[in-house]
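Reader: Before we discuss any labels, could you show me the model, and then take me through what each label rests on?

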Amino acid sequence: MQWVVERLISLLGPIATMAKEKRDLQDNALRSISHALQETKLYYRDLGLGKERSRDIESQLAKYWAAAAIPLRHIDQELAMNCENKAEYWLSPETFSEEDIKQMGIKLTDLSAAYRKLVAPKFTGPTRRAGA
């Protein structure tokens with residue numbers, strides 16, 4: 001019996017390490033998509049305020065979305081592919097129709113909703129306050 005207890009105790013360290021590594025992997029994936037989302041929202045905000053379209057920014061957005069896809073593949077493969085598709089979109093947005101965007105699941109609101117679901121799956125409250 002003592003041997004069993006000692007073996008169980010010896011496994012606690014590796015189990016705790018695995019749990020921490022999984023959390024770190026998830027946090028990295030969430031951080032990546034959060035960054036891509038926020039940069040994209042900022043770009044759309046600027047466009048809405050009258051700034052000119054920027055191929056440089058669009059190229060950077062393609063890189064952010066592609067980078068987000070890599071760690072996401074470990075926690076949500078569908079969202080990872082949507083991020084990869086969003087990266088493709090930013091390489092030449094003018095070649096995508098609204099229907100393409102909808103069918104591919106790369107609308108910004110859809111990607112934001114998927115991100116929020118990963119961040120807080122049990123959260124059911126409002127995500128945006130009017131006037132905030």
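**Helix crossing and aromatic pairs**

Author: In this predicted model, helices α3 and α5 make a left-handed crossing. Their axes, those of α3 (residues 77–91) and α5 (residues 108–119), come within 11 Å and cross at roughly 145°.

Reader: What makes the contact of α3 with α5 divide into nonpolar, polar and charged residues?

Author: Leu79, Asn82 and Lys86 of α3 meet Leu108, Leu111, Ala114, Tyr115 and Leu118 of α5. Because Leu, Ala and Tyr count as nonpolar, Lys as charged and Asn among the others as polar, the division is six nonpolar, one polar and one charged.

Reader: Why is the pair of Tyr44 and Trp90 called tilted?

Author: The ring centres are 5.7 Å apart, with 50° between the planes; since pairing requires centres within 6.5 Å, and since planes under 30 degrees apart would be stacked and those over 60 edge-to-face, this pair is tilted. Tyr44 lies in helix α1 (residues 2–48) and Trp90 in helix α3, so the pair ties together parts that are 46 residues apart in sequence.

Reader: How do you know whether Trp90 and Tyr44 are buried or exposed?

Author: Trp90 has 3% relative accessibility and is therefore buried, the limit being under 20%. Tyr44, at 33%, falls between that limit and the 50% above which a residue is exposed, so Tyr44 is partly exposed.

Reader: What makes the pair of Tyr89 and Phe96 edge-to-face?

Author: The angle between their planes is 65°, with 5.3 Å centre to centre, and because an angle over 60 degrees counts as edge-to-face, the label follows. Both Tyr89 and Phe96 are buried.

Terms used. Residues numbered from 1 in each chain as written. Predicted model: local features only at pLDDT ≥ 70, side-chain atom pairs only at ≥ 80, totals over all residues. Heavy atoms only, no water. Axes fitted to C-alpha atoms, helices over the stretch in contact; angles between N-to-C directions. Helix = DSSP H or I, 4+ residues; strand = E, 2+ residues; numbered from the N terminus. Left-handed = near helix turned anticlockwise from the far one by under 90°. Contact = heavy atoms within 4.5 Å. Phe/Tyr/Trp six-rings, centres within 6.5 Å; stacked < 30°, edge-to-face > 60°. Buried < 20%, exposed > 50% of the residue type's maximum accessible area, 1.4 Å probe, protein only.
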